[in-house]
Amino acid sequence: SSSSSSTSADDSSKNKKKTKSTPKKVKDPESTKTTIISLSSSKEYKRQRAKLNNKIPIISRTVPLGIFKNEEEMTSTVWELENPTNLVQNWMEQKSDNVMTVTEQIKDPFGCIMWPGSILASQIMSSQMKDLDKTVLILGAGTGVEAQAAALLGAKKVIATDVNELSLQLLKYGAEKLGLDKVIESQEFDIFSTNPLPKADLIVAADIMYNEELANQLGERILEILSLQKDYILQNQIMNDEGSDNIQSNSTPFYPRIIVRTE
């Protein structure tokens with residue numbers, strides 16, 4: 001009896017473990033393909049170090065995208081500044097002087113590290129878009145997670161834009177390392193400019209509404225997108241009211257808001 005009970009407990013434990021690690025499947029009713037979205041990955045990836053332009057210390061970050069193709073999880077390997085603290089501090093001090101225009105203020109260093117909203121935006125591209133054989137425009141591309149994901153998902157061209165030239169250099173470096181530079185084109189673009197958006201079939205923006213000015217201007221750009229009758233994916237994450245000091249100790253500090261429009 002005790003042996004039977006032990007066996008039953010072992011089986012139950014195995015079943016629980018299996019259930020916990022089983023990813024969620026999302027089936028496209030108009031396609032024979034199945035996209036599997038996993039919320040996390042336990043696999044660890046070794047980070048590599050290099051010097052951008054032979055002088056700026058950078059470090060790699062391999063990001064599991066939670067998108068499976070032929071039972072293999074797709075990953076994005078981007079490159080970040082190894083020591084962004086001083087750059088961020090300098091930008092914050094300049095910003096507090098109130099001597100810069102709004103357009104100059106958004107040329108910030110935050111795109112020099114990876115933000116989690118880019119992973120969710122990549123998953124939306126995979127699960128919501130039936131055919132990614134198109135030109136994809138990324139606004140605020142940063143280090144390039146969404147750009148790499150779009151290229152891996154079959155985009156014929158990816159226009160990755162950012163206002164920060166250093167971010168674009170990091171993005172280009174990562175694309176070249178993965179052999180995606182023939183698909184991914186980096187381009188400096190300021191959403192506050194009067195220039196029209198680069199031509200594309202799908203526009204993606206993730207984690208770029210972190211101040212009121214940016215949010216309002218992105219709203220203006222969304223009106224432009226709607227007038228062009230293009231598809232867009234907008235993903236933003238909002239920090240809780242307890243402040244950034246509590247972010248690292250809080251297991252759920254972000255609350256994602258997603259707007260998806262498809263024709």
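**Exercise 1.** Determine whether Leu153 is buried, partly exposed or exposed, and then place Leu153 in the fold.

*Solution.* Leu153 has a relative accessible area of 23%; because buried means under 20%, exposed over 50% and partly exposed in between (1.4 Å probe, protein chains only), Leu153 counts as partly exposed. This is a predicted model in which local features need pLDDT of at least 70 and side-chain atom pairs count only at pLDDT 80 or more, whereas totals for chains, interfaces and linings use all residues. Residues are numbered from 1 along each chain as its sequence is written, and side-chain values use heavy atoms, with hydrogens and water left out.

Next, Leu153 is located in the loop between helix 5 and strand 7, where helices (H or I, at least four residues) and strands (E, at least two) are DSSP runs numbered from the N terminus. Leaving aside neighbours within four places in sequence, Leu153 is in contact (heavy atoms within 4.5 Å) with Ile67, Met74, Ser122, Met125, Ser126 and Leu132.

**Exercise 2.** Establish how the buried and exposed residues are arranged around helix 7.

*Solution.* In helix 7, the buried residues are Leu214, Gln217, Leu218, Arg221, Ile222 and Ile225. They cover an arc of only 155 degrees around the axis, taken from the directions from the helix axis to the C-beta atoms, and therefore lie on the same side of helix 7. On the other side of helix 7, Glu212, Leu223 and Ser227 are exposed.

Finally, consider what flanks the helix. Asn211 caps the N-terminal end of helix 7, with a side-chain oxygen 3.2 Å from the backbone nitrogen of Glu213, while Gln229, which follows helix 7, has a positive phi near 55 degrees.

Definitions and conventions. Polar contact = N/O pair within 3.5 Å; in protein donor to acceptor, adjacent residues only side chain to side chain.
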